[in-house]
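Work through the following exercises with the sequence and the 3D view side by side. Try each task before you read the solution below it.

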Amino acid sequence: INFRNMAVGSTNTIIYEMYKEHHLTPPKNIAGLMIAGIISDTLLFHSPTTTKYDKKAVSELSKVANLNVQSFAKEMFEAGASIKGKTIEELIYNDFKVFNINDKKIGIGQMTVINYQKMLDEKEKYIEVLENISKEHGYEILSFCITDVINSNTYIF
């Protein structure tokens, strides 16, 4: 079994490296998708897992895709961060993981947004829903993290 292990922030960076190794250029639409993946995985290079290879890949791919990375990232995060028409429970479970540590059940929800002020204005509602979920499903710890990708802030309920 062959595998590749590289310390990069996104699998798309590895895929792009493989394109280059074979002297290939991805089509414009694929280059755009790869940029979206790298931006998402690295939170527009704000994640501590971001490497110079991720940044270089986006720089090179943006020329292929003819994209303004900053504008594209803003549009992408705005589209993915929409809370319109969703219940608090749907938002919590949107990106949710369960961990069992020493027979204790821990749940962590995560959401990236452009501006979390509206959610902070409804903090008590979020906490009430989290408490209900925790009781119903037996979580020792349950949290919901809201990350503002543009300002590199996270608020945790």
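**Exercise 1. Decide whether Ser134 counts as buried or exposed, and find its contacts.**

Solution. The structure is a predicted model, and this should be kept in mind throughout. Begin by locating the residue, for Ser134 has its place in helix α7. Next take its relative accessibility, which is 18%. Since buried means under 20% relative accessible area, Ser134 counts as buried at this value. Finally, when the neighbours within four places in sequence are left aside, Ser134 is in contact with Tyr139 and Leu142.

**Exercise 2. Do the same for Lys118 and Val8: which class of accessibility does each one have?**

Solution. Lys118 is found in helix α6, and its relative accessibility is 46%. The range between 20% and 50% is called partly exposed, so Lys118 counts as partly exposed. Along the chain Lys118 and Ile83 are 35 residues apart, while their C-alpha atoms are separated by 9.6 Å.

Val8 belongs to the segment before α1. With a relative accessible area of 15%, Val8 is buried. If its neighbours within four places in sequence are left aside, the residues in contact with Val8 are Thr13, Ile14, Thr49, Thr51, Tyr53 and Asp54. The C-alpha atoms of Val8 and Lys52 are separated by 8.3 Å, although these two residues are 44 apart along the chain.

**Exercise 3. Describe the protein chain as a whole: how many helices and strands does it have, and in what order do the elements run?**

Solution. Count the elements to begin with, and you will find seven helices and four strands in the protein chain. Then read them from the N terminus on, which gives the order α-α-α-α-α-β-β-α-α-β-β. For the dimensions, take the box along the principal axes, which the C-alpha atoms fill and which is roughly 55 × 40 × 25 Å. Of the 157 residues in the protein chain, buried residues make up 38%. As a last step, consider the contacts between residues at least 6 apart in sequence, of which 66% join residues at least 24 apart.

**Exercise 4. How do the helices α2 and α4 pack, and which residues meet there?**

Solution. Two packed helices are described by the angle between their axes and the distance between the axes. For α2 (residues 28–42) and α4 (residues 69–80), the angle is about 70° and the axes are 11 Å apart. That angle makes α2 roughly perpendicular to α4, because angles of 65 to 115 degrees are placed in this class. The crossing of the two helices α2 and α4 is right-handed. On the side of α2 the residues are Gly32, Ile35, Ala36, Ile39 and Ser40, and they meet Val69, Phe72, Ala73, Met76 and Phe77 in α4. Sorted by class, this contact of α2 with α4 has eight nonpolar residues, two polar ones and no charged ones.

**Exercise 5. Repeat the analysis for α1 with α3: at what angle do their axes cross, and which classes of residue form the contact?**

Solution. The axes of α1 (residues 11–21) and α3 (residues 52–65) come within 9 Å and cross at roughly 60°, which makes α1 oblique to α3. The crossing in which α1 passes α3 is left-handed. From α1, the residues Thr13, Tyr16 and Lys20 meet Tyr53, Asp54, Lys56, Ala57, Glu60 and Leu61 in α3. By class, the contact of α1 with α3 has four nonpolar, one polar and four charged residues.

**Exercise 6. Which residues have the most contacts inside the largest nonpolar core, and which element gives the most to it?**

Solution. The largest nonpolar core has 20 residues, and those with the most contacts inside it are Ile92, Met119 and Phe144. At least two residues of this core come from each of α5 (88–93), β2 (104–113), α6 (117–121), α7 (123–137) and β3 (141–148). The element that gives the most to this core is α7, with four residues. Now look at Met119 which, leaving aside its neighbours within four places in sequence, is in contact with Ile83, Leu91, Met111, Val113, Tyr126, Phe144, Ile146 and Phe157. Apart from this core lies another, of 15 residues, among them Met34, Ile38, Leu44 and Val69.

Definitions and conventions. Residues numbered from 1 in each chain as written. Predicted model: local features only at pLDDT ≥ 70, side-chain atom pairs only at ≥ 80, totals over all residues. Heavy atoms only, no water. Axes fitted to C-alpha atoms, helices over the stretch in contact; angles between N-to-C directions. Parallel < 35°, antiparallel > 145°, perpendicular 65-115°, else oblique. Left-handed = near helix turned anticlockwise from the far one by under 90°. Contact = heavy atoms within 4.5 Å. Nonpolar A, V, L, I, M, F, W, Y, C, P; charged D, E, K, R; others polar. Core = buried A, V, L, I, M, F, W, Y, C linked by side-chain atoms within 4.5 Å. Buried < 20%, exposed > 50% of the residue type's maximum accessible area, 1.4 Å probe, protein only.
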